[in-house]
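Ready for some practice in reading a protein model? Work through each exercise with the structure open beside you, and try the task before you look at the solution.

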Amino acid sequence: MGEAIVITSGKGGVGKTTTTANIGTALALMEKKVCLIDTDIGLRNLDVVMGLENRIIYDIVDVIEERCKLKQALIKDKRFESLFVLPAAQTSDKSSVTSTGMQKIINELKQDYDYIVIDCPAGIEQGFQNAIVGADKAIVVTTPEKSSVRDGDRIIGLLEKEDIDPPSLVINRIRNHMMKNGDMLDVDDIVQILSIDLIGIVTDDDEVIKASNQGEPVVIHPSSKASIAYRNIARRILGETVPLQSLEEKKSIFQKVKSFFGQRA
Amino acid sequence: MLDSKQRITIKGTRDGLTLLIDDSCSFEEAVNELREKIAESRPNKEEPIVSVTVQLGNRYLNNVQKEHLRYLISEENRFTIHSFESNVVHKDEALAWREESEIKSVNKIVRSGQILNVTGDLLLIGDVNPGGKVISTGNIYILGNLRGIAHAGREGDRNAIIAASYMKPSQLRIADYISRAPDYEADGVYMECGLVDEKQDKIIIDRIQVLPHLRKDLSGFERRMHNG
């Protein structure tokens with residue numbers, strides 16, 4: 001029986017899709033059987049980031065409306081045998097996607113896959129509800145900006161009402177020099193406000209954008225900092241204890257962060 | 001009348017008259033006798049209006065009956081009812097009274113978009129995050145960080161206070177007063193409280209240590225009795 005993890009944030013543009021693609025690919029790298037689901041109906045992106053856009057024949061709406069079998073809609077990744085993507089529909093009619101329909105798909109996928117990673121749409125409407133309904137765990141993505149943290153807090157509040165494990169936090173797009181100057185929220189500040197477990201920090205890396213545009217998750221290239229960050233998150237999901245990545249050569253902030261992380265166990 | 005027992009006793013005190021109504025007779029009997037008593041004593045018109053405290057003993061009067069008595073006593077414009085005093089209260093009133101005087105303790109984080117609304121005092125063990133809101137009819141005590149909005153004395157109690165371990169609220173509201181955080185980025189303060197300052201006619205923030213001087217009745221059961 002697999003585990004379903006929803007990647008959510010509330011605010012748009014903080015990197016949910018990138019995080020989904022990279023965590024999923026990293027888990028596949030560690031020889032897990034992984035299926036990614038894009039639930040952002042009408043604005044599908046996950047397939048583009050994964051470079052699988054051209055291979056779509058059926059999508060999630062076709063599955064729910066029983067125009068095809070679930071297995072027919074799954075797209076196998078170019079690079080990994082054990083990685084699949086269930087794309088969203090590009091039509092704007094979202095009404096056919098219901099919570100029960102989603103639940104059914106996720107339950108079916110859980111039989112065959114170790115991890116199901118769900119990319120949640122922005123916002124807190126029906127699309128959000130559909131994305132979290134089948135999830136066992138949630139990862140909240142935020143950037144070190146006030147608005148993003150505020151929306152993340154709102155989402156955590158909503159998740160607490162659901163039958164789901166307490167969510168974990170990924171802080172994305174950290175710019176170290178800005179954080180040091182105090183122009184960006186500190187990792188400590190964010191963790192203090194949201195008061196949930198920190199599962200990873202990802203620096204703002206040009207490689208991420210470059211890789212996305214090439215349709216290759218950055219996590220495949222082990223050289224970049226962001227890639228290592230995503231791999232670390234995947235390892236933590238598997239239950240390993242991995243220290244947080246150092247943001248810089250000096251260890252000032254890192255030490256503080258580490259002490260926070262140490263409190264989790 | 002057969003029995004000579006007085007149903008209505010009138011006593012003069014420094015603050016006016018006290019009207020004792022025997023609680024073993026029926027309301028009609030008491031009203032009849034009261035009407036006679038008032039008819040008997042007709043002081044001249046120049047005398048000032050006398051305030052009357054009505055003591056009901058173990059009798060419960062509903063609002064209609066109270067109105068009736070009020071009408072009867074103040075009919076001639078010579079008396080005015082200051083208050084009714086009774087040993088008994090209605091169960092609903094008692095429950096509402098208890099509700100208002102209780103401290104509700106809640107253990108959670110009030111996150112953005114969430115509203116925690118209680119009757120009585122609120123003791124929150126946890127944080128109020130930016131965008132979150134806590135409201136009470138009484139005081140608000142927060143064992144944690146207040147970064148959102150706190151509204152004490154919702155029903156208009158200007159004596160209500162807001163105390164927090166760490167205060168960096170976006171707004172403080174007490175009764176109909178509102179104060180907001182300054183536009184510039186400021187650090188929060190530890191162990192402080194917000195309360196309405198009568199002289200300045202606004203909400204001020206001060207150390208928790210000043211509370212015993214400014215809100216003397218904050219501690220203990222006595223205040224709750226007063227509130228009821």
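**Exercise 1. A helix and its cover**

Which residues of α1(B) are buried? Find them in this predicted model, then look for what covers them.

*Solution.*
- Step 1: Locate the helix. Helix α1 of chain B runs through residues 27-40 and has 14 residues. From its first C-alpha to its last it reaches 20 Å, close to the 20 Å expected at 1.5 Å a residue.
- Step 2: Apply the cut-off for buried, which is under 20% relative accessible area. The buried residues are Phe27(B), Ala30(B), Val31(B), Glu33(B), Leu34(B), Lys37(B) and Ile38(B).
- Step 3: Look at the cover. It includes β1 (8-13), β2 (16-21) and α2 (63-73) of chain B.

**Exercise 2. Where two chains meet**

Describe the contact between chain B and chain A.

*Solution.*
- Step 1: Count the residues. Chain B brings 12 residues to the contact and chain A brings 13 residues.
- Step 2: Turn to the area. About 990 Å² is buried between the two chains, and carbon and sulfur atoms give 37% of that. Arg111(B), Ser112(B) and Pro130(B) supply 50% of the area that chain B buries against chain A, more than any other three residues.
- Step 3: Look for charged pairs. There are three salt bridges between chain B and chain A. In one salt bridge, Arg111(B) pairs with Glu160(A), with the closest N and O atoms 3.2 Å apart.
- Step 4: Sort the residues on chain B's side of the contact: two are nonpolar, six polar and four charged.

**Exercise 3. A buried aspartate**

Is Asp77(A) buried or exposed, and what does its side chain reach?

*Solution.*
- Step 1: Place the residue. Asp77(A) sits in the loop between β3 (75-76) and β4 (83-86) of chain A.
- Step 2: Check its accessibility. With a relative accessible area of 4%, Asp77(A) is buried.
- Step 3: Follow the side chain, which reaches the backbone nitrogen of Arg79(A) at 2.8 Å.
- Step 4: Leave aside neighbours within four places in sequence. Asp77(A) is then in contact with Met50(A), Leu52(A) and Leu83(A).

**Exercise 4. Two salt bridges to compare**

How are the partners placed in the pairs Arg70(B) with Glu67(B) and Lys71(A) with Asp112(A)?

*Solution.*
- Step 1: Begin in chain B. Arg70(B) and Glu67(B) form a salt bridge, their closest N and O atoms being 3.7 Å apart. They are separated by about one helical turn because they are three residues apart in helix α2 of chain B.
- Step 2: Move to chain A. Lys71(A) and Asp112(A) meet in a salt bridge at 4.0 Å, N to O. This pair links distant parts of the chain, 41 residues apart: Lys71(A) is in helix α4 and Asp112(A) in helix α5.

How values were computed. Residues are numbered from 1 along each chain as its sequence is written. Chains are lettered from A and ligands numbered from 1 in the order in which they are written. This is a predicted model: local features need pLDDT of at least 70, side-chain atom pairs count only at pLDDT 80 or more; totals for chains, interfaces and linings use all residues. Side-chain values use heavy atoms; hydrogens and water are left out. Helices (H or I, at least four residues) and strands (E, at least two) are DSSP runs, numbered from the N terminus. The expected span of a helix is 1.5 Å times one less than its number of residues. Buried means under 20% relative accessible area, exposed over 50%, partly exposed in between (1.4 Å probe, protein chains only). Contact means heavy atoms within 4.5 Å. Buried area is the accessible area (1.4 Å probe) that two parts lose on being put together, summed over both. A salt bridge is a side-chain nitrogen of Lys or Arg within 4 Å of a carboxyl oxygen of Asp or Glu. Ala, Val, Leu, Ile, Met, Phe, Trp, Tyr, Cys and Pro count as nonpolar, Asp, Glu, Lys and Arg as charged, and the others, Gly among them, as polar. A polar contact is a pair of N or O atoms within 3.5 Å; within protein, one must be able to donate a hydrogen and the other to accept it, and residues adjacent in sequence count only if both atoms are side-chain atoms.
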